[in-house]
Structures are given as C-alpha cells and as structure tokens.
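Please open the model in your viewer and keep the sequence panel beside it. The tour below proceeds by selections, and after each one it says what is to be found there.

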Amino acid sequence: MSGPAARTERPEDWFARLLAEHGPAVARLAAVYEWDRDEREDLVQEIALAIWRALPAFRGDSSERTFVFRIAHNRGLSHRWQRRESAVELAEAEQVPDHRANVEEEVARRERYERLAAAIRRLPESYRVAVVLTLEGLSLREVGEVLGAGENAVAARLTRARRQLRILLEEEHPSG
Amino acid sequence: MNPVADPEWAGLAARWQAEVLPPRLSVERLLRREGRRRLLMGLLVAVEALLSLTAVAATVSARRRLPEPNGTLLLIAALVYVVLVWGFALWNRRGTWRPLARTTEAFVAVSKLRCRRGLRSVRFVVTVVTTQLLLTAGWLVLRAGGETPVWTARETLALAPSLSVGVLFLLWAVWYRRVMLRRLAWLEQMPS
C-alpha cells in the first residue's frame with residue numbers, strides 16, 4: 001500500500017477506510033483476547049483508537065493490513081495482562097453462544113465460529129495470534145512481519161498450533 | 001507461502017471468516033473520545049506542573065518568615081526536590097513511547113522495559129519519601145535540642161498533608177510494585 005508521501009486522503013478519511021476494510025477482522029481478532037461481548041466491544045474501540053494514534057508512524061514499509069494487525073494484536077496482548085491483573089481468568093467464563101438469533105443457520109454458524117474462537121483462546125499466547133493471522137489469510141511472511149519472527153519460526157509455530165487446535169476442537173465437539 | 005492453501009487451514013479459515021459482523025464503530029465518536037483523552041492528559045500534566053509551582057511559591061513565601069539560613073536551605077531543598085522528581089519522571093520514560101505499531105517482539109521488549117522502569121520508579125518514590133520523612137523527623141528532633149519534639153498547631157497544619165501524602169505514596173509503591181512484578185512475570189514467560 002502507499003506510504004504517507006503518496007497519500008492524498010485526509011487522516012480522518014484514511015482512518016475511516018481502514019476501519020471499514022479491516023473492522024470485521026479486528027473484531028474477530030479481539031474475540032481471542034476477550035470472551036465477554038461488551039468488553040470485546042470496548043477492546044475493539046481501544047484498538048481503533050490505537051490505530052488512529054499510530055497513523056502518523058505509518059511509513060509504508062509494510063502493508064496497511066499488517067500495520068493494523070500489529071496494533072490490534074499488541075493492544076490485545078496488553079488487554080490480556082490488564083484483564084489478568086483484574087483477576088478474571090479466561091477459562092472461568094468461556095463464551096456461551098448467543099441463542100437469541102432467530103435464524104437457525106445463523107445460530108449454527110455463530111456457534112461454530114464461537115467454538116473455534118474459544119479453542120483459539122485456549123492456545124498458548126505465542127500460537128494464538130499466529131493462528132488468527134493465518135485464518136485471516138496472511139502469508140507466512142506477513143505473519144512474521146507482525147510478530148517480528150522469521151518465516152521458518154512462524155511455520156514451526158503453526159504446525160504445533162494446528163496439532164493443539166485439532167485436539168481442542170475435538171474436546172469441545174467430538175463430532176467436529 | 002500461504003498456509004491457507006492447506007485444506008485443513010482453509011476449512012478453519014472459512015469457518016473463522018464466516019463471522020463478518022462489522023464492529024459498531026463511529027469514526028466521529030472515536031475522534032471525540034480521543035480528543036477528550038488528550039484534553040485529560042494535558043490537564044493532568046498541567047495540574048502536576050501547577051502543584052510543583054505552588055510548592056515552590058509556598059516555599060518562597062515561607063522563606064520570608066523563617067530565620068536565615070533555614071529559609072534559604074528550605075528553598076534550595078524544595079527546588080532540588082522539584083527538579084529531581086521532574087527530571088526522574090522524564091528520564092525514566094525515555095524510549096518507551098508509542099510501541100503499539102511495532103512488531104510483537106519489539107512490543108513485548110518495550111513492555112518489559114516499561115515494567116522495569118515502573119519498578120525503578122517505585123524504588124525512586126520509596127527513597128525520596130523515606131528521605132523526606134527522615135529529614136522531617138531529624139529536623140524536629142534537632143530543633144527540640146534533646147527535649148521531646150513538639151510543634152505548634154500551625155506547623156501541624158503544614159506537616160500533616162506532607163506526611164499523609166508521603167504515606168499514600170508508600171502504599172501506592174507497594175501496590176504498584178506487585179502489579180509490575182506480576183506483569184513482568186507474564187511477559188517473561190512469553191516465548192519470543
């Protein structure tokens with residue numbers, strides 16, 4: 001993507017476009033750091049504000065997507081330790097799927113997503129984000145750019161993460 | 001290489017990305033909130049600066065009523081104290097700004113640095129407050145000249161807030177140290 005020199009849009013418009021393009025992905029990523037829906041909304045807002053504050057630092061040396069994911073992940077990490085400090089363990093309150101939706105298919109889809117998010121939340125910290133970024137369609141190189149790790153290290157991490165994820169999903173729902 | 005080319009990852013990615021609800025975000029509201037936050041931060045710095053100036057002004061005013069060399073010594077001590085606290089605060093924060101846009105590895109490194117700086121500020125606060133309390137006690141004992149130290153109601157009015165704030169700072173230091181140590185332990189166990 002273009003760097004700031006080539007940028008003609010106003011920062012406010014740029015920010016709005018980033019949120020429009022990457023908002024759903026940021027919300028999905030927030031789900032692995034926060035199980036509670038209300039808290040998750042707050043976290044998404046915090047991530048959005050962090051993106052706004054970091055915009056002047058964007059030099060175009062990575063894609064906008066990588067830039068957004070870096071901020072979202074780092075903000076998610078700090079949210080995790082703040083949450084830990086407030087003595088609320090993620091395991092204590094696993095996400096309960098929301099059954100208020102009246103379309104059966106929508107409920108099933110949401111449940112499948114929430115189960116996957118819950119399984120990812122149970123992965124070790126270092127695997128979690130690598131998995132989420134991969135599920136968002138980032139290449140090994142891009143995941144490495146977010147994490148500050150080499151492609152081989154990311155690939156090794158993903159192999160181990162997939163093994164664990166398989167077991168966790170099987171535990172949650174033996175039929176898959 | 002893209003791992004999603006693998007069928008198992010592809011299946012999981014499809015399941016993951018099926019959640020397409022856009023977050024409820026209003027750019028205008030977010031920017032207003034950021035504006036309020038900036039204003040609050042500015043106000044906090046202004047209040048801190050105002051407190052420092054008030055302390056110096058109060059000392060200058062008190063100097064006129066105190067016999068020399070006590071007045072001059074008190075003024076020098078107050079100025080040293082203010083410069084020391086502001087100097088330490090600025091020095092202790094260097095290199096820890098705006099880490100969110102960096103890689104996770106760099107972000108975790110800066111976060112660890114922030115924790116260590118936090119622990120250093122705890123040591124600084126404990127040292128400064130303890131020194132202040134000891135100096136105050138020493139001054140009272142010296143002034144009493146071997147008798148039981150006594151002070152007037154006016155002096156109590158001047159000493160009580162200073163001592164209370166000192167004790168509050170010590171309590172804060174105990175709590176903050178625990179928070180920083182716990183956060184640092186969590187960060188240290190993160191594999192790079």
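Begin with the two chains shown together, bearing in mind that this is a predicted model, and select the residues with which chain A and chain B touch: 63 residues come from chain A and 45 residues from chain B. Between chain A and chain B an area of about 5000 Å² is buried, and carbon and sulfur atoms give 62% of that area. Within chain A, select A:Arg53, A:Trp81 and A:Leu135, which lose the most area to chain B and together account for 14% of what that side buries.

Next, turn to the charged pairs at this interface, where the rule finds five salt bridges across chain A and chain B. To see one of them, select B:Asp6 and A:Arg162, which form a salt bridge in which the closest N and O atoms are 2.8 Å apart. Across the interface of chain A and chain B there are also 11 residue pairs in polar contact, with both residues at pLDDT 80 or more.

Now colour chain A by helix and ask which elements give two or more residues to the side of chain A that touches chain B. They are α1 (11–31), α2 (37–54), α3 (64–85), α4 (104–121), α5 (125–135), α6 (140–147) and α7 (151–172) of chain A. The largest share of that side of chain A, 13 residues, is supplied by α3(A). If you colour the side of chain A that touches chain B by residue class, you will find 31 nonpolar, 12 polar and 20 charged residues.

Hide chain B for a moment and look at chain A by itself. Chain A has seven helices and zero strands, and along its sequence the pattern reads α-α-α-α-α-α-α. Of the 176 residues in chain A, 53% count as buried, and among the contacts in chain A between residues at least 6 apart in sequence, 72% join residues at least 24 apart.

Give the two domains of chain A separate colours: the domain assignment places domain 1 at 1–93 and domain 2 at 100–176. Where these domains of chain A meet, 20 residues of domain 1 are in contact with 18 residues of domain 2, and the area buried between them is about 1700 Å², of which carbon and sulfur atoms give 52%. The rule finds four salt bridges across this interface between domain 1 and domain 2 of chain A. For a salt bridge to inspect in chain A, select A:Glu114 and A:Arg40, whose side chains meet at 3.9 Å, N to O. Between domain 1 and domain 2 of chain A, the count of residue pairs in polar contact is six, with both residues at pLDDT 80 or more.

On the side of domain 1 that touches domain 2 of chain A, the elements giving two or more residues are α1, α2 and α3 of chain A. The largest share of that side of domain 1, seven residues, comes from α3(A). By class, the side of domain 1 of chain A that touches domain 2 of chain A has nine nonpolar, four polar and seven charged residues.

Stay with helix α3 of chain A and select A:His79, which lies in it. Is A:His79 buried or exposed? A:His79 is buried, because its relative accessible area is 11% and the cut-off for buried is under 20%. With its neighbours within four places in sequence left aside, A:His79 is in contact with A:Tyr33, A:Glu34, A:Glu39 and A:Leu43.

Move on to α5(A), where 11 of the 11 residues are buried, so this helix is largely enclosed by the rest of the structure. Among its buried residues are A:Glu125, A:Arg128, A:Val131 and A:Leu135. Just after α5(A), select A:Gly137, which takes a positive phi of about 95°.

For the last stop, show chain B again and select B:Leu159 in helix α5 (residues 153–188) of chain B. B:Leu159 is buried, with a relative accessible area of 15%. Leaving aside its neighbours within four places in sequence, B:Leu159 is in contact with B:Thr136 and B:Leu140. If you add B:Leu50 to the selection, the C-alpha atoms of B:Leu159 and B:Leu50 are 20 Å apart in space, and the two residues are 109 residues apart in sequence.

Definitions and conventions
Residues are numbered from 1 along each chain as its sequence is written. Chains are lettered from A and ligands numbered from 1 in the order in which they are written. This is a predicted model: local features need pLDDT of at least 70, side-chain atom pairs count only at pLDDT 80 or more; totals for chains, interfaces and linings use all residues. Side-chain values use heavy atoms; hydrogens and water are left out. Contact means heavy atoms within 4.5 Å. Buried area is the accessible area (1.4 Å probe) that two parts lose on being put together, summed over both. A polar contact is a pair of N or O atoms within 3.5 Å; within protein, one must be able to donate a hydrogen and the other to accept it, and residues adjacent in sequence count only if both atoms are side-chain atoms. Helices (H or I, at least four residues) and strands (E, at least two) are DSSP runs, numbered from the N terminus. Ala, Val, Leu, Ile, Met, Phe, Trp, Tyr, Cys and Pro count as nonpolar, Asp, Glu, Lys and Arg as charged, and the others, Gly among them, as polar. Domain bounds come from an automatic or database domain assignment. Buried means under 20% relative accessible area, exposed over 50%, partly exposed in between (1.4 Å probe, protein chains only).
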